[in-house]
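Subject: A structure for you to look at

Hello,

I am handing over the structure we talked about, and I hope you enjoy looking through it. Please open it alongside this message.

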Amino acid sequence: MGTRHNNFAPVLRLIAAVLSLSATASAIGVNYGTLGNNLPTPATVAKFLKTKTIIESVKLFNADPDILRAFAGSGLKVTVTIPNGLIPSLTKDDEARGWINDHIAPFYPKTKINRVLVGNEIMATLDDNLISNLVPAMKAVHRALVKAGIDDVQVTTAHAMGILKVSEPPSQARIRKGYDKVIFEPMLKFLRQTKSPLMVNPYPYFSYAPSIADYALFRPNRGVHDSHTNITYYNMFDAMMDAVYSAIKAMGYADVDIVVAETGWPSAGDPNQPACTVDNAISFNGNLLKAVTSGKGTPLMPNRKFETYIFSLFNENLKPGQSNERNWGLFRPDFSAVYDVGILKNKQSRPAPRPAPVAGKKSWCVPKASASDQALQANINYVCSQKGMDCRPIQAGGPCFGPNNVRSHASFVMNSFYRLNGARPFNCDFAGTGVVANSDPSHGSCKYM
């Protein structure tokens, strides 16, 4: 598009940039792995994603030419990944240009390649040769793209959460010593200069323990308090994201965008992997989608949406390891949903209507007799912090303000949360302080759902 020399050009460019940011910031993507001998063809995958799902972008763990060719004209954004082993050679400009000419230029712009990742979780490899050459390779790949006339493809890399020396409490998180100044200082500077994001892989699943199950799964819980900021976190994902933010803010790079390159939950596993269930996968991924697209953000990054790539698109039957490794997929190879959390473009994928009362079958969520006032107050704080929850009835002047005590107020809000989330038993757990009852706790003008 030609340059127009008028006073409106800078304004128009600014508006376009803002619109572009708003359109991509909340994009829902998926990691498209190919370790299976029963997976559909790339062309059928592209058609399925485009016509049957809300997925807007895919992230590849390679630069498979068949996949890149199949996604041409689909409108789906594609992130490609350079294999880890190539990093040392790609520090040389001629090698980087050769890779771009072979793997990007033939497909761009018909295929909407929007990002090139230089390796995956390089710091976790503990390979000094890869680590020391990572940033120089990123810079060389960027120069190669510019040389090829491609100026709208970002260059970055994805990191495991092990880049942090501590992650709790979130406000005190810092990049590991030895990596902070030598690797991350120049990397973050490069990302800022090129307007590329820091990509991270926050997996609450890998920090799962029965005692913090609700916290990991976005379910009602008492929260984890950060005494340095006086913030209480009610899910581990927010805490992980704020830990990354705190770490880069401490280095002076709070303005660098953060993208979720991978996260998810397996739906099945071996007998010694009891956390790997369909219900848990639904709870995590379903609430994750709400969290990253709501615009609520996190306590330290409020009013933000996060571009997020769920792991993964398919169950992949050739992945090594325990059963859970082969059961991260949203879909089976025949495109049937392992479970649906709103990814599909059909009636079932839309939010379920509020459950209508059924005579003789309705249930309510109330506090256990043994629950302490402190625990019930934490339940009130949790529920009333959730987007879409209306806690006005328990406030002064509201129909459920009286009796004015913690137990009564907790009873009303715990039940509201339970009912609005489908009246499933696990939504009445509240860290062991809730119980499902069959008698209506409504009283006077205070009517329970």
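Below is what I found, starting with one helix, then the disulfides, then the nonpolar cores. Please keep in mind that this is a predicted model.

**Helix α6**

A good place to begin is helix α6, which runs over residues 128-147 and so has 20 residues. From first C-alpha to last, α6 reaches 29 Å, close to the 28 Å expected at 1.5 Å a residue. Along the way there is a kink of about 45° at L134, shortly before the proline P136.

The two ends are worth a look as well. At the N-terminal end, D127 acts as the cap, with a side-chain oxygen 2.9 Å from the backbone nitrogen of N129. Just after α6, G149 takes a positive phi of about 80°.

Which residues of α6 are buried? They are L130, I131, N133, L134, V135, A137, M138, A140, V141, A144 and L145. When you read that list, remember that an α-helix has 3.6 residues a turn, so residues three or four places apart point the same way. The cover over the buried residues of α6 includes the strands β3 (77-82), β4 (112-120) and β5 (154-160). It also includes the helices α4 (93-103), α5 (122-125) and α7 (180-194).

**The disulfides**

How many disulfides does the structure hold? There are three. With the bonded cysteines of the protein chain numbered in sequence order, they pair as 1-5, 2-3 and 4-6.

- C365 and C428 are joined with an S to S distance of 2.1 Å. The torsion about their S-S bond is about 90°, so this disulfide is right-handed. C365 lies in strand β13 (residues 364-367) and C428 in the loop between α12 (406-420) and β14 (434-437), so the pair ties together parts that are 63 residues apart in sequence. C365 counts as buried at 0% relative accessibility, and C428 is buried too, with a relative accessible area of 2%.
- C384 and C391 are joined with an S to S distance of 2.0 Å. This link is left-handed, with -100° about the S-S bond. Why does C384 count as partly exposed? Its relative accessibility is 31%, and partly exposed covers values between the 20% limit for buried and the 50% limit for exposed. C391, with a relative accessible area of 9%, is buried.
- C400 and C446 have their sulfur atoms 1.9 Å apart. The torsion here is about 100°, so the disulfide is right-handed. C400 sits in the loop between α11 (373-384) and α12, and C446 in the segment after β14, so this pair ties together parts that are 46 residues apart in sequence. Both C400 and C446 are buried.

One further cysteine to look up is C276, which counts as buried at 6% relative accessibility.

**The nonpolar cores**

The largest nonpolar core has 102 residues, and those with the most contacts inside it are F71, V141 and F184. You have already met V141 among the buried residues of α6. Leaving aside neighbours within four places in sequence, F71 is in contact with Y32, P42, V45, A46, L49, V58, L76, V78, K110 and T111. Apart from this core lies another, of 22 residues, among them I380, V383, M389 and C428. C428 is also the disulfide partner of C365.

Happy exploring, and best wishes

Key. Residues numbered from 1 in each chain as written. Predicted model: local features only at pLDDT ≥ 70, side-chain atom pairs only at ≥ 80, totals over all residues. Heavy atoms only, no water. Helix = DSSP H or I, 4+ residues; strand = E, 2+ residues; numbered from the N terminus. Expected span 1.5 Å × (residues − 1). Bend = angle between axes of the 7 residues up to and from the residue. Buried < 20%, exposed > 50% of the residue type's maximum accessible area, 1.4 Å probe, protein only. Contact = heavy atoms within 4.5 Å. Polar contact = N/O pair within 3.5 Å; in protein donor to acceptor, adjacent residues only side chain to side chain. Disulfide = S-S within 2.5 Å. Core = buried A, V, L, I, M, F, W, Y, C linked by side-chain atoms within 4.5 Å.
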